[in-house]
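Student: Could you take me through one part of this protein slowly, the place where the ligand sits? I would like to see how the surroundings of that place are put together.

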Amino acid sequence: GAGWPGLIEAYPDRVEVPEGARTVTLQEGNTPLVEARHLSELTGCRVYLKVEGANPTGSFKDRGMTVAITHAVAAGIQAVICASTGNTSASAAAYAARAGLASAVLVPQGKIAMGKLAQSVVHGAKILQVQGNFDDCLELARKTSAEYPVTLVNSVNPVRIEGQKTAAFEVCDVLGRAPDVHCLPVGNAGNITAYWKGYAEYAADGVITDTPRMFGFQASGAAPIVRGEPVASPETVATAIRIGSPASWQAALAAKEASGGLFESVTDERILEAYRLLASREGVFVEPASASSIAGLLATAADGRLPTGSTVVCTVTGHGLKDPDTALAGMVEVEPLPVDPGAVATALELT
Ligand code: F0G
């Protein structure tokens, strides 16, 4: 390919792949860091959005998947499996297709957004809908990969974290420093773990002098880390983070502790408000789970936990087109117009 080579080749001394491995890439990474003027005004901070929906399959999962599938190919694996709330499965399906591997995805029946399901279908994954939630799917995927010749590509596979940590490098490379605070949505807790690993590596090597405080936000109906215990039946409009027992729970808590950060929950109502605000005021269309980082930003700014004047990066993790149903739920139906300029002018109240 031409131009940006994808993150394995962009960070060759920071992301390890097996000697001589053929890189499987869709030129993921190098996503925009967009200044959020309206959010900056609202919070009195300098707010940036790390727009991960700009990755090839529309979410941050591609960062981990290029590394996981590159390892799988190097190991001579024929098939990969994952559990997913939709984005990991879309990414696994795409990268497996590119590498010529078979893929199987375990998803909670009726609880993944339509665009994500479409991606797994079109990339040719074997889709298994499970009568259970994500946590049930992950347990099934783990057991299957332990007993049969199929490789697990969930973030419990440590090479996924190695890929995802590059987003922290990109933030620092663009800002010339680390932000004061980094806000993230939290589901299975792999991504916040990965960002912290990236910041910590840059700090250890002297690339940055300070590390950010990590702020993690869960949906209030699926907030095991905030509550300090697993949630048996997680529920939220943000289906991507509808998870009751995160795999990287301890690592995420360690990131919070080491960084002086926090975990907080945000209601579905606040998530949807933030979702609409981002789309209507910043021009950035994200899926509901991604908006939880913005809902959290606004909540912590409002109650004083986010110091005024901070430089803040909010990762918005997935593209809004993933979940057209949520977007269209707010659509107002209007009568179709006759082919007549006067009718258009009347409808737009221009007369
Ligand atoms: N945002 C989106 C859009 C996601 O898809 C996910 C996780 C998260 C945030 C949370 O990241 O799990 O690392 O804490 N999606 C996984 C999946 C669970 O199957 O696609 P996390």
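Tutor: Happily; we will begin at the ligand and then work outwards through the parts around it. Please keep in mind that this is a predicted model.

Start with the residues around the ligand. There are 22 of them, and those that come nearest are S84, G187, N188, T317 and G318. Sorted by class, this shell has 14 polar, 6 nonpolar and 2 charged residues. Three helices, α4 (87–99), α9 (190–204) and α13 (288–302), each supply at least two residues of the shell.

Now let us set that beside a database record. In an unreviewed entry, UniProt lists N87, G187, N188, A189, G190, N191 and T317 under "binding site". These positions are spread over 231 residues of sequence, yet they cluster in space, with a largest C-alpha distance of 14.2 Å. One of them, N87, lies in helix α4.

Next, step back to the domains. The domain assignment gives domain 1 (7–59 + 160–328) and domain 2 (61–156). Notice that domain 1 is written as two stretches of sequence. Both domains take part around the ligand: the shell draws at least three residues from each of them.

Let us look at domain 2 through its strands and helix α4. Here 4 strands form an open sheet with parallel pairing, in the order β5-β4-β3-β6. At the edges are β5 (126–130) and β6 (151–152), each of which pairs on one side only. Inside the sheet, β3 (residues 79–83) and β4 (residues 102–108) pair in the parallel sense over 5 bridges. To find one such bridge in the picture, look for V80, whose partner in β4 is S103. Helix α4, which we met in the ligand shell, lies across β3 and β4 and runs at about 170 degrees to β4.

Domain 1 can be explored in a similar way. Another open sheet has 6 strands in the order β1-β2-β10-β7-β8-β9, and its pairing is mixed. The edge strands, which pair on one side only, are β1 (33–35) and β9 (262–266). From one strand to the next, the twist averages 25 degrees. Within this sheet, β7 (residues 181–185) and β8 (residues 213–219) run parallel and are joined by 5 bridges. Here you can look for P185, whose bridge partner in β8 is F217. Helix α13, another supplier of the ligand shell, lies across β2 (46–51), β7, β8, β9 and β10 (311–316), at about 135 degrees to β7.

Finally, how do the two domains meet? Their C-alpha centres lie 22 Å apart. The contact takes 43 residues from domain 1 and 35 residues from domain 2. On the side of domain 1 that touches domain 2, the elements giving two or more residues are α1 (7–10), α7 (158–164), α8 (166–175) and α14 (324–328). The largest share, 5 residues, comes from α7. By class, that side of domain 1 has 17 nonpolar, 17 polar and 9 charged residues.

To put the picture together, return to the ligand: its shell takes residues from both domains, and α4, α9 and α13 are the helices that each supply at least two of them.

Notes. Residues numbered from 1 in each chain as written. Predicted model: local features only at pLDDT ≥ 70, side-chain atom pairs only at ≥ 80, totals over all residues. Near = placed C-beta within 6 Å. Nonpolar A, V, L, I, M, F, W, Y, C, P; charged D, E, K, R; others polar. Domains from an automatic or database assignment. Pairing = 2+ DSSP bridges. Contact = placed C-beta atoms within 7 Å. Axes fitted to C-alpha atoms, helices over the stretch in contact; angles between N-to-C directions. UniProt positions renumbered as here; feature names shortened; annotations may be inferred.
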